[in-house]
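Let's learn to read two kinds of feature, a pocket and a pair of packed helices. Have the model open beside you as we go.

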Amino acid sequence: MMPELFFHPQDFAFEDFFELDHLQRLQDLFATAHAVACIITHPDGKPITKPSNPCRFFEEVILKTEAGRANCLFSGLAVDWQLSEDKLPPCLHCGLLCNSVKIIAGDIHLANWVVGELKTETTDETRLLNNADQVGVDRKQCADALSEVHWLPSKPFEKVVELLKAFVNELSEKASAQLLFEKQQAELKRTQHLLRSGEQRFSGLFDTVPVGYQSLDVNGNIIDVNFEWLRLLGYNRAAVTGKWFGEYVSPEFQLQFRNYFSALKANGESHCEVQLVKKTGEVVYMSIEGRVANNEDGEFLYANCILNDITESIRAKDKLKRSETYFRSIFEHSAVGISITRLDGSLRSNKAFCEILGYSEDELTGLNWRTITHPDDVALNEQYVQQILVGEIESARWEKRYIHKNGEIIWVDISTVLQRDEHWKPEYFITTIFDINDRKNSLTELNRISKHYQSIIEKAPDGIVLLDEHGIFKYISPSAQRIFGYSSDEAVGVDPATLTHPDDLEMVLVALGQLMVNADYTPTLQYRFRHKNGHYYWVESTFSNLLGDESVGAIVINFRDITDKKKAEEALAENEERFSKAFKTSPYAITITNIYDSKFLEFNDAFLRITGYSREEVLNGSSFGLNLWVDESDRNDVVKCLLRGEEVIGREYHFRKKDGGIAICIFSATILYLSHEPYILSSINDISDKKQAEHALNKKNEEYEALNEELIKSNRNLLLALDKAQESERLKSAFLANMSHEIRTPMNGVLGFASLLKEPQLTGEEQQTYIGIIEKSGERMLNIINDIISISKVDAGQMDVLAEETNIPELLSFIYAFFKPEAINLGLDIRLSCSENELLSHIVTDREKLYAVLTNLVKNALKFTREGYIEIGCNLNMQEGNVHFFVKDTGVGIPADQKQLIFERFRQGSDLLMRNNEGAGLGLSISKAYVALLGGTMWVESEMGAGSTFFFSIPYKT
């Protein structure tokens with residue numbers, strides 16, 4: 001029986017053209033790279049591949065029921081039918097954004113590549129939920145699944161579809177090339193059968209077969225070719241006969257042809273694919289099937305070769321190879337972040353992924369996904385990974401936070417799918433991320449703005465209410481509730497006309513009528529509205545018709561309580577009336593004149609009485625025209641003063657009356673702005689009679705003052721003498737009281753502890769303690785006596801100055817060393833600061849008095865410092881010719897009003913005759929007196945709580 005030799009395209013199926021495992025990987029990569037769902041189906045809608053990146057809404061809602069599956073299939077076919085319109089319609093059934101592209105081989109519709117399952121700006125979620133009711137799916141389950149569906153604008157999705165079209169077209173071209181090749185192979189088989197059927201039939205078919213045919217001699221020269229061969233290459237038979245076939249082979253394929261022909265002669269048959277050059281110069285690819293014909297002795301007669309044009313097939317293979325390169329390029333250069341995550345957590349990421357997280361590709365390659373994931377999101381990520389690995393789910397999609405290289409938090413929409421090998425063993429995860437940080441921030445900002453404006457409405461001092469289309473309250477703001485006392489429950493549903501004052505209601509209703517007719521009309525009205533307490537309050541309201549605005553859908557009234565303003569206006573009217581009466585009836589002359597030309601704007605009757613002019617003479621006149629100012633410079637001074645922003649109050653000026661007489665007046669003035677023009681408001685009080693009386697009175701006062709001056713002088717001398725006597729008595733009392741205390745205290749110590757020494761039971765240690773107290777009390781009493789003797793000598797002028805060469809640095813070092821143990825015992829730091837000038841070692845002065853002054857100052861510093869430090873120092877000032885000394889402490893400080901009192905006798909920083917520290921209060925007085933004997937001065941600088949610094953200087957002598 002003759003085999004079937006005719007070609008039937010309808011017998012070919014999708015699987016005959018494509019390797020499904022390879023196509024599944026490409027589909028998964030495409031879906032992951034663009035975060036869309038993909039599936040390839042037969043034309044009738046039956047799946048060919050497994051879904052890639054499907055959403056839970058599609059799997060658990062749309063396909064859960066038979067009705068849902070049927071509707072989805074119908075909608076998908078309808079979308080495919082509409083594709084020619086170059087639109088991207090949503091699913092006619094569920095409303096999600098989707099599309100499909102046909103995969104065609106020649107004229108055969110092999111399959112549909114469906115892409116989508118996305119929400120977009122036009123998605124009607126209400127329709128989606130209604131669809132759940134239609135197909136019998138739980139509405140809440142539908143809403144939960146719908147919330148997980150990815151959102152993508154239409155424009156980006158159009159670009160994804162365009163990319164899919166380009167890729168599917170390449171698949172279609174590959175399938176078409178394969179179909180053509182199969183057709184050619186079928187024709188070839190048919191031709192070979194005819195060739196084998198006999199020479200007679202062969203000769204008849206030689207020129208009619210639809211494939212290229214040639215005969216070559218033993219050297220590869222052309223013996224004969226058929227019509228199809230000539231058509232394929234464009235030559236005529238005479239031109240090619242006898243030519244070496246290699247001349248028509250591209251130079252780069254000639255060696256391959258030589259090898260092929262040698263193999264053909266050696267084996268009897270062979271196959272190769274070479275590149276031939278047509279007469280036009282065009283290059284085509286040919287498949288050559290050759291077989292050798294031998295004679296009875298087995299010697300070579302000729303070789304018969306069949307040539308098939310495989311250019312389209314080769315080009316389809318090249319395109320497929322380029323498409324794979326293209327998909328690799330998508331991975332590397334996609335605007336979507338893509339990473340290959342190995343099972344150990346290490347990453348291989350594309351450029352976009354690296355840019356989103358701020359790392360270089362090398363830096364990310366060395367990191368684990370857990371390292372760059374926000375700690376709070378690691379557990380959820382682990383959960384999805386485990387579910388995918390065990391096969392519970394095929395892929396996962398969620399929102400996640402990464403940690404940017406600079407430490408910032410980056411929100412992404414992440415999708416991941418697991419790739420397995422041919423044995424279903426997990427290999428790696430393909431993960432895509434969309435940067436949604438701006439959207440997250442925008443949502444946060446939108447919520448903030450929403451709360452901000454809600455807060456503005458709720459906290460605004462003005463009331464805000466909304467009326468429905470019937471004029472009934474539908475909302476009142478918290479401020480509106482506070483202004484009128486009604487709660488929201490009490491006001492909503494109430495007609496505001498019932499609370500409007502009857503006298504104002506018609507005006508408000510007319511405005512509302514115009515507002516309903518003209519939405520652009522925004523009247524502002526003042527009317528009375530009833531408070532919950534029954535009283536009417538004045539309000540100023542602005543009405544806006546926003547019934548047509550979908551986001552508002554109401555008449556908006558902004559109003560404020562102007563009750564106080566209304567009362568103020570009424571009070572102002574009353575005050576204006578009072579002012580008018582006061583202006584006219586005032587006993588003082590009051591005028592309003594232009595500040596520049598001095599024309600009268602207004603004046604009262606008192607002005608006419610003072611000047612002697614009639615009202616007609618003053619009207620339209622000026623002070624210049626009436627020659628009122630005796631000294632015109634006085635008015636100029638007044639104007640300059642007012643223009644500087646100052647007021648003129650109670651100045652005495654002379655004015656000329658109509659009869660030539662002079663009126664002495666007290667003049668006050670200020671600037672008054674009327675219609676933005678400056679005027680002078682003046683008050684004039686005629687004191688001419690008062691001035692005459694004052695002149696007489698002053699004459700008498702002068703006589704009395706001369707006599708009084710003598711009495712005051714005598715009293716002053718008496719008071720001065722009395723003050724001196726009282727001060728002397730006070731100081732005497734203070735001295736006696738202080739000396740009584742200061743001497744009695746150490747004396748009591750001496751006598752008391754001397755008595756205790758008589759006790760026979762005393763231990764040696766106690767005896768030494770009591771003896772030490774007696775010695776200290778004795779030293780204290782001796783110091784007091786020495787101070788009294790010193791101050792007495794100073795007062796009597798018997799204190800001598802014994803000048804000698806003194807080494808100042810050595811003296812200061814001695815004092816520093818002497819007091820250092822005591823300072824340390826008190827928990828204080830003591831410092832020494834002395835200039836390194838050699839001249840300080842040869843100063844001529846009284847060494848003992850200088851030592852006494854410095855010692856007194858250091859003792860005072862230790863006495864009044866509780867924490868911090870004490871600093872002793874000196875420096876040489878050659879310009880002034882002085883040696884400056886200072887003792888600084890961080891003690892309690894001295895009040896500013898007592899800095900001079902401390903140098904008086906028996907003072908310790910208090911002007912009272914009592915002190916808080918032991919001592920006679922003579923140290924600073926003696927020190928200041930000693931400095932004065934040495935030819936110098938002493939002073940103090942101090943701040944309460946910040947310490948004191950005592951300074952003194954003595955002349956520089958060598």
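Q: How much space lies in the second largest pocket?

A: Good place to start, and keep in mind that this is a predicted model. The second largest pocket holds about 710 Å³ of space.

Q: Where should I look to find its centre, and how many residues line the second largest pocket?

A: The lining is made up of 30 residues. Click on Cys55, Arg56, Glu148, Ala396 and Arg397, which lie nearest the centre of the pocket.

Q: Which elements give two or more residues to the lining of the second largest pocket?

A: Two helices and two strands do: H2 (56–62) and H14 (378–389), together with E3 (108–118) and E11 (395–403). Strand E11 supplies the largest share, five residues.

Q: What is the chemical character of the lining of the second largest pocket?

A: Sort the lining residues by type and you get 12 nonpolar, 12 charged and six polar.

Q: Now the helices. At what angle do H27 and H28 pack?

A: Helix H27 (residues 847–864) meets helix H28 (residues 923–933) at about 150°, and their axes are 9 Å apart. An angle over 145 degrees counts as roughly antiparallel, so that is how H27 and H28 run relative to each other.

Q: Is the crossing of H27 and H28 left-handed or right-handed?

A: Their crossing is left-handed.

Q: Which residues of H27 and H28 meet?

A: From H27 come Lys849, Ala852, Val853, Asn856, Leu857 and Asn860, while H28 brings Gly923, Leu924, Ser927, Tyr930, Val931 and Leu933. By type, this contact has seven nonpolar residues, four polar and one charged.

Notes. Residues are numbered from 1 along each chain as its sequence is written. This is a predicted model: local features need pLDDT of at least 70, side-chain atom pairs count only at pLDDT 80 or more; totals for chains, interfaces and linings use all residues. Side-chain values use heavy atoms; hydrogens and water are left out. On a 1 Å grid over the protein atoms alone, a cavity is a set of points where a 1.4 Å probe fits but cannot get out, and a pocket is an open set with protein on both sides within 12 Å along at least five of seven lines; lining residues have an atom within 4 Å of a point. Grid points are joined across faces, edges and corners, and a volume is the space filled by probe spheres set on the points. Helices (H or I, at least four residues) and strands (E, at least two) are DSSP runs, numbered from the N terminus. Ala, Val, Leu, Ile, Met, Phe, Trp, Tyr, Cys and Pro count as nonpolar, Asp, Glu, Lys and Arg as charged, and the others, Gly among them, as polar. Axes are lines fitted to C-alpha atoms, for helices over the stretch in contact, and angles run from 0 to 180 degrees between N-to-C directions. Angles under 35 degrees count as roughly parallel, over 145 as roughly antiparallel, 65 to 115 as roughly perpendicular and the rest as oblique. A crossing is left-handed if the near helix is turned anticlockwise from the far one by less than a right angle, and right-handed if clockwise. Contact means heavy atoms within 4.5 Å.
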